[in-house]
Every structure is written in C-alpha cells, then in structure tokens.
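Please look through the sequence and the structure below before reading on. The report that follows moves from the contact between two parts of the protein to the surroundings of its ligands.

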Amino acid sequence: MSVDVLVGTQWGDEGKGKITDILAANTSLVVRYQGGNNAGHTVVVGNDTFKLHLIPSGILYPNVCCIIGNGVVINPAFLLEEMAILKKKGITITPQKLKISSTAHVILPFHLNLDSAEETDRKQKKIGTTGKGIGPTYTDKISRNGIRILDLLSKKTLRKKIVNRNWDNLISKSLDQEKIIEEYYQYGQRLKPFIIDTSLYINTAIDQNQNILLEGAQGTMLDIDHGTYPFVTSSNCTSGGACTGAGIGPNKINNVIGIAKAYLTRVGEGPFPTEQNNKIGQHLIEKGAEYGTTTGRQRRCGWLDTLMLRYAARINGLTEICLTKLDVLDQLQTIKICNQYQTADGRIINELPLDLEVFKTCTPIYEEIPGWEQNISQITQYADLPNNAKKYVQYISKLVDVKISLISVGSKRKQTIHLLKT
Ligand code: GDP
Ligand code: IMO
Ligand code: MG
C-alpha cells in the first residue's frame with residue numbers, strides 16, 4: 001500500500017489530470033486537497049475527453065472512490081453541474097463514488113463578484129485570475145468569515161452566517177440575501193448524501209492499507225507561500241498542503257510525485273524568465289494545444305527551467321518526476337534548458353530568487369540540446385526513444401537530482417512510458 005501526493009512543479013497545466021488518471025488504475029481513493037474550479041484537469045480516454053475541475057481525476061474508474069477534501073473551496077452549483085455533465089457522458093456519481101468534506105469552504109455569489117472587482121481595482125497589476133471566486137473565498141476562510149459545506153445543511157445557521165456578515169461592501173449589499181440562503185440551502189440538500197468527515201474516511205482507508213493518491217491542483221509556482229507571489233493562487237498547492245487539505249499526518253505519505261512539462265507554460269500575469277514570445281513559443285502553443293482548460297486563454301510558453309524544478313523538488317520533497325508532453329518537442333532541431341540565471345547586476349545564480357523584483361529581471365542562461373526530430377508519440381518503451389530524447393530526459397533528471405519514473409508522449413492513456421523502478 002502507498003499514500004502518494006501528486007503535485008504540479010511549474011505554473012499548473014503540467015498534465016496532472018492525465019497522470020492522476022494513469023496512477024488511479026492502481027488506487028482505491030483519489031483525493032483533491034486544495035483549490036477549486038479554477039483547476040482544469042484533462043483526461044482523454046479513447047475518443048472521449050473529460051475536463052474535470054472539482055471532481056478528482058480518478059472518477060473514470062468504477063471502483064475508485066473520489067474525495068473532495070476540506071482544503072478545497074467548492075462552488076456547489078458548479079459541482080452539481082460537473083456531476084450532471086459526467087452523468088451525460090455515462091459516469092454516474094453516487095455517494096459511494098464521491099465524498100465531500102463537511103468542512104470545505106463554499107464559494108458564494110459575492111466571492112465571484114469580488115474576484116472580478118478586485119481584478120478591476122488592480123488596474124495595471126492584474127493577476128489574471130480565473131474569475132471563479134477562489135481568492136475571496138480563501139480570504140473569508142482565513143479571516144474566519146467563511147461558510148462551510150456543513151453550514152448549508154441548516155437554513156438557520158446559513159441565515160445567521162449570511163445575515164451577520166459585514167455587508168459594508170457594496171458588491172455584497174447588492175445581492176439578494178434571502179435568495180442566496182434559499183438557493184444554497186437547496187444545494188446543501190442535494191449534496192447531503194455525499195457529505196462526510198473525509199479525514200476520518202481517508203485515515204480509515206490508510207489503516208486498511210489501501211492505495212491512496214492525493215491530487216494537487218495548480219502548481220508549485222502558484223502556491224500562496226512558495227510561488228511567484230502575488231501572481232499565485234490562494235492555496236497551498238505544494239505537498240504540505242496535502243496534509244492540511246486532506247486531514248492526514250505527514251508520516252502517512254510515502255511518495256511525492258512531481259509532474260513536470262518538458263517545456264514551460266503559464267496562464268495569467270507575472271514574470272516568466274524563459275518565456276518565448278516568438279516563433280518557438282508559437283510552435284509550442286500550436287503543437288502542445290496550449291489553451292487553458294478552464295478559461296480557454298492562450299497559455300504563455302517557454303523553455304524548461306531547471307532552477308524551478310530544483311526548487312519544486314526541495315519545496316515538495318519530490319521522490320520522482322513524471323515528465324509530460326515530451327512529444328511536443330518532436331520537431332525542434334535544438335532544445336534549450338535553462339539551468340542558471342544572470343541577475344540584473346551580473347551575478348550568475350543557481351537557485352530561484354525569492355524576491356520577485358529580482359526574479360523578473362533575471363536573464364536565463366541556456367544550454368542547447370540537439371533535438372530528435374522524429375515523432376515519438378507512439379513509443380511505449382523507454383528503450384525505443386531516440387537517443388537525443390533519452391539524453392534530454394536523463395539530463396533533466398541529473399540537473400534536478402530526482403529520478404524520472406514516467407514519460408508522457410501524448411494525451412491518451414497508452415501514450416505513456418513507464419520507466420523501470422530501480
Ligand atoms: P493539468 O491541469 O495539469 O491536469 O493539465 P491540463 O489538462 O490543464 O493541460 C494539459 C493538456 O495537455 C491537456 O490537454 C492534456 O490532454 C494534454 N496532455 C497531457 N499529457 C500530454 C502529453 O504527454 N502530450 C501531449 N501532446 N498532450 C498531453
Ligand atoms: P490546474 O490545476 C494554470 C492561475 C490563474 C492566475 C492565478 C490566480 O489546471 O493546473 P485564481 O483564479 O486561482 O485566483 O488565479 O493562478 N491558475 C492556474 N493556472 N492552471 C491552473 O490549474 C490554475 N489555477 C489558477 O491563471 O494566474
Ligand atoms: Mg489545467
């Protein structure tokens with residue numbers, strides 16, 4: 001049995017959904033521990049594409065139980081809609097298959113309004129949020145004004161919490177409180193069969209030696225503590241967040257699996273030293289279909305940054321890396337890896353600077369690797385990869401000092417190379 005955490009090592013969209021789906025085949029429980037429907041995790045099975053936002057990416061297996069942990073923020077209307085969409089695609093979500101933490105916080109209409117109002121206020125300094133109300137909901141949680149899933153089950157409690165809120169904020173005032181109370185109470189009634197003490201459930205499964213996978217959303221560089229603040233999301237996407245967001249002890253975790261794209265992307269604002277605002281970037285956008293799963297925005301693309309991967313390895317305690325989208329580099333004659341930065345004052349640095357003012361002026365120093373210039377998307381054995389592709393993979397592993405356990409060469413399940421466990 002194993003309790004593993006899966007985390008994004010970059011700015012999100014590393015292919016966590018695909019890898020979660022692959023690993024879930026040998027798992028009993030898949031647990032989301034932070035974020036909300038800002039996430040967009042794509043799983044492709046045969047000719048079907050599933051875009052999952054709140055529901056864990058293990059949901060496509062009949063015998064896998066999925067959990068939305070206490071660290072997640074839930075928009076109940078969105079969750080019910082996501083369940084309905086899955087049902088239409090033949091995936092019926094029963095209370096045996098999905099369990100929702102009673103203490104997860106709820107995204108309410110005024111959080112959505114605040115999210116967009118705050119972005120407008122930021123003028124030139126926009127974060128480029130997904131507009132799903134994530135930041136304001138976590139703000140309410142931390143300031144102890146939040147409304148939790150269990151509050152939806154009592155109209156009296158819900159009314160007390162909504163009416164007693166500080167309504168000084170004009171955006172909130174303009175919303176019909178009674179309508180919200182009635183609507184959210186009804187959501188609570190519909191979700192009631194799914195609501196449990198998920199920490200108790202997960203720990204019982206651990207005691208029964210089941211295989212458990214904790215699925216992170218977003219990525220290390222979007223983490224509220226360790227990311228490129230303030231251009232981050234409002235939760236702990238890193239492995240530490242898995243303990244608080246699922247209600248398990250750190251001593252229960254066996255492996256921390258980092259998902260790394262073979263190049264780098266970012267949606268939203270903020271500095272990106274290896275960004276390629278040129279033909280290379282355009283090629284990566286097109287070949288990698290780099291458009292946001294949640295907002296449809298075009299993703300910014302650039303070369304792989306191993307300072308970032310080393311940082312992610314340290315912050316998360318990575319025990320292995322799954323390298324995704326290697327096939328996207330197929331046609332390139334030369335591939336660049338950034339392993340050092342030059343700061344504005346001329347220093348050469350090997351570690352990611354924490355000060356964003358320094359980070360944003362860093363110039364990447366690249367090493368050039370010859371490309372393999374052939375289609376690798378049908379290769380399923382490591383031995384069959386072209387030599388230059390093997391060299392690229394091994395070089396990344398060496399620079400980051402973490403073993404690579406899986407290589408993904410396409411969005412489908414079978415487009416996956418499992419490396420032998422050492
Ligand atoms: P997540 O947020 O980390 O789950 O990633 P997204 O689903 O938002 O974005 C990853 C995109 O790349 C999705 O469209 C996947 O279907 C696709 N994808 C995943 N792995 C691979 C791969 O190895 N090669 C290619 N070409 N596409 C992939
Ligand atoms: P997955 O799980 C990529 C980005 C937004 C914005 C910042 C803050 O699919 O990898 P928020 O709405 O969270 O307050 O936005 O974080 N962001 C993501 N970028 N993938 C995601 O999720 C993201 N979730 C949020 O674009 O820059
Ligand atoms: Mg995504």
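## Where domain 2 meets domain 3

Between them, domain 2 and domain 3 bury about 350 Å², and 55% of this area is on carbon and sulfur atoms. On the side of domain 2 that touches domain 3, the residues fall by class into one nonpolar, three polar and two charged. The model is a predicted one, and every value in this report should be read with that in mind.

Counted by residues, the interface consists of six residues of domain 2 in contact with five residues of domain 3. The rule for salt bridges finds zero of them across this interface, whereas the rule for polar contacts finds two residue pairs, both at pLDDT 80 or more.

## How the protein is divided

The two domains just described belong to a division into three, in which domain 1 is made up of two stretches, 3-100 and 197-255, while domain 2 covers 105-191 and domain 3 covers 257-418. When the centres are taken over C-alpha atoms, domain 2 and domain 3 are separated by 37 Å.

## The surroundings of ligand 1

Around ligand 1 there are 19 residues, of which Lys-16, Gly-17, Thr-42, Asp-327 and Ser-408 are the closest. Several oxygen atom contacts can be followed in the model. A backbone N or O atom of Lys-16 lies 2.7 Å from an oxygen atom of ligand 1, and a backbone N or O atom of Gly-15 lies 2.9 Å from an oxygen atom of this ligand.

A side chain also takes part in the picture, since an N or O atom in the side chain of Thr-293 is 2.8 Å from an oxygen atom of ligand 1. On its own, ligand 1 has 580 Å² of accessible area, and the protein covers 91% of it.

## The surroundings of ligand 2

Ligand 2 has 20 residues around it, and those that come nearest are Lys-16, His-41, Thr-130, Gln-218 and Thr-233. Lys-16 is thus named among the closest residues for ligand 1 and among the nearest for ligand 2.

For Gln-218, a backbone N or O atom lies 2.8 Å from an oxygen atom of ligand 2, and for Gly-40 a backbone N or O atom lies 2.9 Å from an oxygen atom of the ligand. In Arg-297 it is the side chain that supplies the N or O atom, which is 2.9 Å from an oxygen atom of ligand 2. Taken alone, ligand 2 exposes 550 Å², and the protein buries 97% of that area.

How values were computed. Residues are numbered from 1 along each chain as its sequence is written. Chains are lettered from A and ligands numbered from 1 in the order in which they are written. This is a predicted model: local features need pLDDT of at least 70, side-chain atom pairs count only at pLDDT 80 or more; totals for chains, interfaces and linings use all residues. Side-chain values use heavy atoms; hydrogens and water are left out. Domain bounds come from an automatic or database domain assignment. Contact means heavy atoms within 4.5 Å. Buried area is the accessible area (1.4 Å probe) that two parts lose on being put together, summed over both. A salt bridge is a side-chain nitrogen of Lys or Arg within 4 Å of a carboxyl oxygen of Asp or Glu. A polar contact is a pair of N or O atoms within 3.5 Å; within protein, one must be able to donate a hydrogen and the other to accept it, and residues adjacent in sequence count only if both atoms are side-chain atoms. Ala, Val, Leu, Ile, Met, Phe, Trp, Tyr, Cys and Pro count as nonpolar, Asp, Glu, Lys and Arg as charged, and the others, Gly among them, as polar. A residue is near a molecule or strand if one of its heavy atoms lies within 4 Å of it. Accessible areas come from the Shrake-Rupley method with a 1.4 Å probe; for residues, only the protein chains shown count as cover.
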